[in-house]
Amino acid sequence: MINTTPARHCKLGVLAATFALSLGLGIMPSPAAQGTVEEQVMPSAQSASETLSAKQQAIPLIAAAMARSDMPRLNAVLNQGLDAGLTISEVKEVLVQLYAYTGFPRSLNALAELMKVVEERNRRGIQDAPGREPSGIIPTGNELLVVGKANQTHIAGAPVQGPLFDFAPIINQYLQAHLFGAIFERDNLDWQSRELATVGALAATPGVEAQLRSHMAASMRVGLTESQLRQLIQVLADHGDTDAAKRAREALDTQLAGATRQP
C-alpha cells in the first residue's frame with residue numbers, strides 16, 4: 001500500500017502508532033526518520049479508489065457493533081458482510097485483530113456470534129466462501145520483533161519512540177512482536193481492511209478520540225482516501241451509529257486540518 005498521506009507525517013507520524021493498543025501518549029518519531037517518511041512503501045499495494053466497496057463498507061459496521069457488544073446488531077451486520085462477499089476467513093480475521101483494541105472478551109463473544117451466523121446460514125442453504133488462511137510462515141523470536149518493528153514504522157510513518165515507551169519499554173516490544181508482527185504478517189486480510197476495522201471500533205468507543213485521529217492518518221498511509229473515509233462516516237450514520245459517525249467526522253476533520261497547517 002503506497003504512502004499517500006501529506007508531509008505532516010514527518011512530524012506527527014507517531015500518532016498512527018498509538019492505534020496499536022490505544023496507548024498514544026508521548027510518542028515521537030526518531031530524528032533520523034525526518035524527511036524519509038514519504039519514501040516508505042506499504043506491502044500489498046492496492047490501487048486508490050474514491051469509494052468503498054460493499055465489502056469494505058461492512059467492515060467498520062462489524063467492528064463498531066463488536067466494540068459496543070451489541071450482539072443483535074452484530075448478527076445483522078455479519079450477515080450483511082457475508083452477503084457482500086466477505087469470506088469467513090476475512091471476517092474471522094477482523095474479529096481476531098480487534099481483540100487488541102476492544103479486549104479478548106468482546107473478541108471471543110463476537111467470534112461465537114460469527115460461528116452462530118455461519119451455522120444459521122448453512123441451515124438456510126447459504127454456502128459462504130471460506131476464504132484462505134495466511135499464505136506465509138509467521139517468523140518467531142527476534143525475527144518476529146524485527147518484522148513487527150518494520151510494520152509499525154510503516155504504519156506510524158517513522159520509528160516510534162518517546163516518554164511513554166521509555167517509561168514502559170516492554171509494551172512496545174509486545175506491540176511490535178505481537179500486533180504488528182504476528183497479526184499484521186497474516187496476509188489473509190489487507191492493511192486497508194485492518195484500518196477500516198480499527199477506525200470502526202474506535203469510533204464506537206467513547207474516550208479514545210486521540211487514537212481515532214491517529215488512525216485516520218494511518219488509514220490514508222495505507223492507501224485509503226479522504227473520500228473513502230467520508231463514506232465510512234456516512235455508512236456509520238446511515239446505520240444509526242450517529243455518535244460513532246460524529247466522533248469519526250471530528251477525528252478526520254482534525255487530522256486533515258493539522259495536515260493543512262503543516263509547511
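Which helix gives the most to the lining of the largest pocket? Helix α3 does, with three residues. The structure is a predicted model, and this report works outward from that pocket.

**The largest pocket**

The largest pocket holds about 210 Å³ of space. Its lining counts 15 residues, and those closest to the centre are Lys-55, Leu-86, Glu-90, Asp-190 and Ser-193. Helix α3 spans residues 54–67, and both α3 and α5 supply at least two lining residues each. By class, the lining has eight polar residues, four charged ones and three nonpolar ones.

**Salt bridges**

Side chains of opposite charge can pair when their charged atoms come close. The whole structure contains 11 salt bridges. Three of them are set out below.

| Pair | Closest N and O atoms |
|---|---|
| Lys-55 and Glu-90 | 3.9 Å |
| Arg-186 and Glu-93 | 2.9 Å |
| Glu-250 and Lys-246 | 2.7 Å |

Take Lys-55 and Glu-90, whose closest N and O atoms are 3.9 Å apart. This pair links distant parts of the chain: Lys-55 sits in helix α3, Glu-90 sits in helix α5, and 35 residues separate them. Both residues are also among those closest to the centre of the largest pocket. Lys-55 counts as partly exposed because its relative accessibility is 30%, within the 20% to 50% range for that class. Glu-90 has a relative accessible area of 19%. That is under the 20% cut-off, so Glu-90 counts as buried.

Next comes the bridge between Arg-186 and Glu-93, at 2.9 Å. Arg-186 lies in the loop between α10 (169–183) and α11 (191–203), and Glu-93 lies in helix α5, so the pair ties together parts that are 93 residues apart in sequence. Arg-186 is partly exposed, at 26% relative accessibility. Glu-93 is buried, with a relative accessible area of 2%.

The bridge between Glu-250 and Lys-246 lies within one helix, α14 (residues 242–261). The two residues are four apart in that helix, so about one helical turn separates them. Glu-250 counts as partly exposed at 39% relative accessibility. Lys-246 is partly exposed too, at 47%. Elsewhere, Asp-83, Arg-121 and Asp-128 are joined into one network by salt bridges that share partners.

**Gln-97: a buried polar side chain**

Gln-97 belongs to helix α5, which covers residues 88–97. Is Gln-97 buried or exposed? Gln-97 counts as buried because its relative accessibility is 1%, and the cut-off is under 20%. The Gln-97 side chain makes a polar contact of 3.1 Å with the side chain of Thr-198. Beyond its neighbours within four places in sequence, Gln-97 is in contact with Ile-183, Leu-189, Arg-194 and Thr-198.

**Leu-224: a buried loop residue**

Leu-224 is placed in the loop between α12 (209–221) and α13 (226–238). Leu-224 is buried, with a relative accessible area of 1%. What does Leu-224 touch, not counting residues up to four places away in sequence? The contacts are Leu-52, Gln-192, Glu-195, Leu-196, Ser-219 and Leu-229. For Glu-195, the C-alpha to C-alpha distance to Leu-224 is 8.9 Å, and the two residues are 29 apart in sequence.

Definitions and conventions. Residues numbered from 1 in each chain as written. Predicted model: local features only at pLDDT ≥ 70, side-chain atom pairs only at ≥ 80, totals over all residues. Heavy atoms only, no water. Buried < 20%, exposed > 50% of the residue type's maximum accessible area, 1.4 Å probe, protein only. Polar contact = N/O pair within 3.5 Å; in protein donor to acceptor, adjacent residues only side chain to side chain. Contact = heavy atoms within 4.5 Å. 1 Å grid on protein atoms, 1.4 Å probe; cavity = no way out; pocket = protein on both sides within 12 Å on 5 of 7 lines; lining within 4 Å. Points joined across faces, edges and corners; volume = space filled by probe spheres on them. Nonpolar A, V, L, I, M, F, W, Y, C, P; charged D, E, K, R; others polar. Salt bridge = Lys/Arg side-chain N within 4 Å of Asp/Glu carboxyl O.
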